[in-house]
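Look at the fold below and pick out how its helices lie against one another. Two helix pairs and a few single residues get most of the attention.

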Amino acid sequence: MGKVVARHLVSAVAVLLVVTFATFLLLRSTPGNTATSIAVRQAGPGASQEQVDRLHAELRLDSSLPVQYGVWLGRAVQGDLGRSDRSGRTVTDEIAAKAPRTLFLGLGAAVIALVVGFGAGVLSAVDRRGGLAAALRVGALAAVSIPTFWMSFLLIVLLSEQLRWLPTSGDRGFASWIMPWVVLALPAAGAISRVVSVSLTETMSRQHVTAARARGAPGWSVVLRDGLPHAAGATLNVTAMHVGMLLTGSVIVETVFAWPGLGAWFVDSVKFRDNGAVLGGVLVFALAFILITRGIDVVQKITDPRLRKAEVGA
């Protein structure tokens, strides 16, 4: 088991290095002198040449890009992600201030996605040839197909502008949480429901389920006790992937709904060309996604001996 965890750890580190280096390369390749741009943003148009030279030396801009990246990476490993050009605060402090709101938004959407996704998937599998199953399949397809930004504007027009039931933006209490939660949760719920439906349908044809039915066990008892636990394992990876995507999806949702979290902060950092904040944001989003998906993968291999043997054999 230790080899499995070590393999996932090495893979996660490699992905983080590739993602952050690619982002670093793109940011450094943008037109203009990096030191001059940062000095002007920090001190205004009157930035002195001394300030520019200090930043030039500090960022090692005379060195090659790999060396510059190595300097940034060495500081990042120690928890120093640099300083935001917009606010003057450290990027670590900025992330710490914004992360709780994004976590709150993501966790709420994850709960909705899991409840709706598993519920719809179970109902679709039980009523395979009925009208309910057909409606749920269409709903799942629509949920994963409609772009997030379009769904956001649609709900704003309908629920805020026309019906005036919910506020359009900000964090003003429960009413302002509903639309961001729903917009984030629906695509994940649609994908989860389809995987649960297919997996549960296949499980319900197995011998142990047939035997339970032959013993006269109630229909829903067979589904919940004998079918769903065996089908749940196959859905863990898909569930983990889509729950992880809730964090990256928050970039669009937070921007549309003016939610004071990491997503909106990251978009503002990109607009302002706040390179330190952009790199820090990419690192946090990539790390969160990897931890969620790899963590679920490891748990699945721990709980399923067949997957663990396959991993070791590979």
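In this predicted model, the axes of helix H5 (residues 91-126) and helix H11 (residues 262-272) come within 8 Å. They cross at roughly 140°. An axis here is a line fitted to C-alpha atoms, for helices over the stretch in contact, and angles run from 0 to 180 degrees between N-to-C directions. Helices are DSSP runs of H or I with at least four residues, strands are E runs with at least two, and both are numbered from the N terminus. The crossing angle makes H5 oblique to H11. Angles under 35 degrees count as roughly parallel, over 145 as roughly antiparallel, 65 to 115 as roughly perpendicular, and the rest as oblique.

Which residues of H5 and H11 meet? From H5 come Val91, Glu94, Ile95, Lys98, Ala99 and Thr102, and from H11 come Leu262, Gly263 and Trp265. Contact means heavy atoms within 4.5 Å. The residues of this contact divide into five nonpolar, two polar and two charged. Nonpolar covers Ala, Val, Leu, Ile, Met, Phe, Trp, Tyr, Cys and Pro; charged covers Asp, Glu, Lys and Arg; the others, Gly among them, are polar.

Several residues of H11 are buried, including Leu262, Trp265, Phe266 and Val267. Buried means under 20% relative accessible area, exposed means over 50%, and partly exposed lies in between (1.4 Å probe, protein chains only). Arg273 follows H11, and its phi is positive, near 60°.

Now the second pair. The axes of helix H6 (residues 131-145) and helix H8 (residues 174-203) come within 7 Å and cross at roughly 135°. H6 and H8 are therefore oblique to each other. H6 contributes Arg137, Ala140, Ala143 and Val144 to the contact, while H8 contributes Leu186, Pro187, Gly190, Ala191, Ser193 and Arg194. By class, that contact has six nonpolar, two polar and two charged residues.

Next come two loop residues. Both appear in the table with their phi values.

| Residue | Loop | Phi | Relative accessible area |
|---|---|---|---|
| Arg164 | between helix H7 (148-162) and H8 | near 55° | 65%, exposed |
| Ala258 | between helix H10 (219-256) and H11 | near 50° | 45%, partly exposed |

The phi of Arg164 is a positive value in a residue other than glycine. The phi of Ala258 is also positive, again in a residue other than glycine.

Go back to H5 for one more residue. Val116 lies in this helix. Is Val116 buried or partly exposed? Val116 is partly exposed, with a relative accessible area of 42%. The C-alpha atoms of Val116 and Ile192 are separated by 8.7 Å, yet these residues are 76 residues apart along the chain.

Finally, the whole chain. There are 13 helices and zero strands. Of its 314 residues, 39% count as buried. Among contacts with a separation of 6 or more, 69% come from residues 24 or more positions apart. The accessible surface comes to about 16400 Å², and 67% of it belongs to carbon and sulfur atoms. Accessible areas come from the Shrake-Rupley method with a 1.4 Å probe; for residues, only the protein chains shown count as cover.

Residues are numbered from 1 along each chain as its sequence is written, and side-chain values use heavy atoms, with hydrogens and water left out. Because the model is predicted, local features need pLDDT of at least 70 and side-chain atom pairs count only at pLDDT 80 or more, whereas totals for chains, interfaces and linings use all residues.
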